[in-house]
Amino acid sequence: MVQKFRKKIIAGNWKMNKSVAEAEDLASGIRRALAEVADVDVVLCPPFTATKVVGDIIADTAIKLGAQNMHWEGYGAYTGEVCAAMLRDLYCHYVILGHSERRMYFHETDEVVNRKIKAALEGNLIPIVCVGETQEEREAEQTEEVVGRQLRNGLVDLSGDLKKLVIAYEPVWAIGTGLTASPQQAQDVHAFIRGVLQEVFDEDTAQSIRIQYGGSMKPANAVELLAQPDIDGGLIGGAALDARSFTEIVQAAQ
Ligand code: PGA
């Protein structure tokens, strides 16, 4: 097996936070610190309401824009939703799909996530596909079963350049709790995920896909997590809401 070089990717998931003015401030601070960074892919995923303003601020830098969700249909009568073409129109490159908060609070199933991934790929967006087990599932030793199911069902019947897909392993018990998977716990699941990707796609694709860790990643634990062989970046929630801590995590990935 040839070990592939995978460029690290750090994405900030701002969730339902930041007014337009606050988003402008945060994006400007990140731009000042990171506009020149070329050896790590940096992605900002503001709420929809701040997508345009953040996009304008980072427009002429290497920092890329992402969204936190989208609908699988194109334009049409879907009150409250946005489609892939609308996100492309705002120069989004990435879209987070299947985040555990969407699965938990908005009842997104693996099938829904699969439809969204297909629509994103067709719409020329790079999906950041989130998977991860709950505390109870981990305690019941069902982590591989759950993550494996989410991947196999979510990634079924895809076509296009699948090497550009990004997977985010986010143990639900670590999101926003201050609890982080240990580097070894995370690495074990990442290696498992890469194995499933090889089964679902092929070895070359599995070796090319970047797998982020998410769940209370912060400057203090980023270096150790990012040093693991199968951890190719981070999906950052709380620590992405502050320009300094987000910047420090990107620096840890360099
Ligand atoms: P957290 O969130 O960094 O606040 O734990 C990560 C995420 O949910 O993407």
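## A guided walk through the chain

The secondary structure of this chain comes to 11 helices and eight strands, where helices (H or I, at least four residues) and strands (E, at least two) are DSSP runs numbered from the N terminus. The radius of gyration is 17 Å, close to the 18 Å that the globule rule gives for 254 residues, so the chain is as compact as a globular protein of that length; the radius is taken over C-alpha atoms, and the rule is 2.2 Å times the number of residues to the power 0.38. This is a predicted model, in which local features need pLDDT of at least 70 and side-chain atom pairs count only at pLDDT 80 or more, while totals for chains, interfaces and linings use all residues. Residues are numbered from 1 along each chain as its sequence is written, and side-chain values use heavy atoms, with hydrogens and water left out.

Along its principal axes, the C-alpha trace spans about 45 × 45 × 35 Å. Buried residues make up 55% of the 254 residues, with buried meaning under 20% relative accessible area, exposed over 50%, and partly exposed in between (1.4 Å probe, protein chains only). The accessible surface comes to about 11,400 Å², of which 50% belongs to carbon and sulfur atoms; such areas come from the Shrake-Rupley method with a 1.4 Å probe, and for residues only the protein chains shown count as cover. Among contacts between residues at least 6 apart in sequence, 72% join residues at least 24 apart, a contact being heavy atoms within 4.5 Å.

A good place to enter the fold is strand E7, residues 210–214. Five of the five residues of E7 are buried, so this strand is largely enclosed by the rest of the structure. In a regular strand the side chains alternate between the two faces of the sheet. In E7 both faces are covered, with Arg210, Gln212 and Gly214 buried on one side and Ile211 and Tyr213 buried on the other.

The neighbours of E7 can be followed in turn, and here two strands pair if DSSP finds at least two bridges between them. Strand E6, residues 166–169, runs parallel to E7 and is joined to it by four bridges; among the partners, alanine 168 is matched with glutamine 212 and isoleucine 167 with isoleucine 211. E7 also pairs in the parallel sense with strand E8, residues 233–236, over two bridges, and there tyrosine 213 has glycine 234 as its bridge partner. Strand E5, residues 126–131, pairs with E6 over four bridges, again in the parallel sense, and cysteine 130 has alanine 168 as its partner in E6. Alanine 168 therefore has a bridge partner in E7, glutamine 212, as well as cysteine 130 in E5. The residues of E6 are likewise arranged with Val166 and Ala168 pointing one way and Ile167 and Tyr169 the other way, and all of these are buried.

Just before E7 in the numbering comes helix H9, residues 203–208, which holds threonine 205. Threonine 205 is buried, with a relative accessible area of 8%, and, not counting residues up to four places away in sequence, it touches Leu162 and Lys163. In the loop between E7 and H10 lies serine 216, which has a positive phi of about 55° although it is not a glycine. At 16% relative accessibility, serine 216 counts as buried. Another residue with a positive phi that is not a glycine is lysine 18, at about 85°; lysine 18 lies in the loop between E1 and H1 and is partly exposed, with a relative accessible area of 26%.

The walk ends with helix H11, residues 243–252, where Ser245, Phe246, Thr247, Ile249, Val250 and Ala252 are buried. The buried residues of H11 pack against strand E1 (8–13), helix H1 (20–34), strand E2 (40–45), helix H10 (219–226) and E8. Helix H1 also holds arginine 32, which is exposed, with a relative accessible area of 69%. Arginine 32 and threonine 247 are 215 residues apart in sequence and 9.9 Å apart in space, C-alpha to C-alpha.
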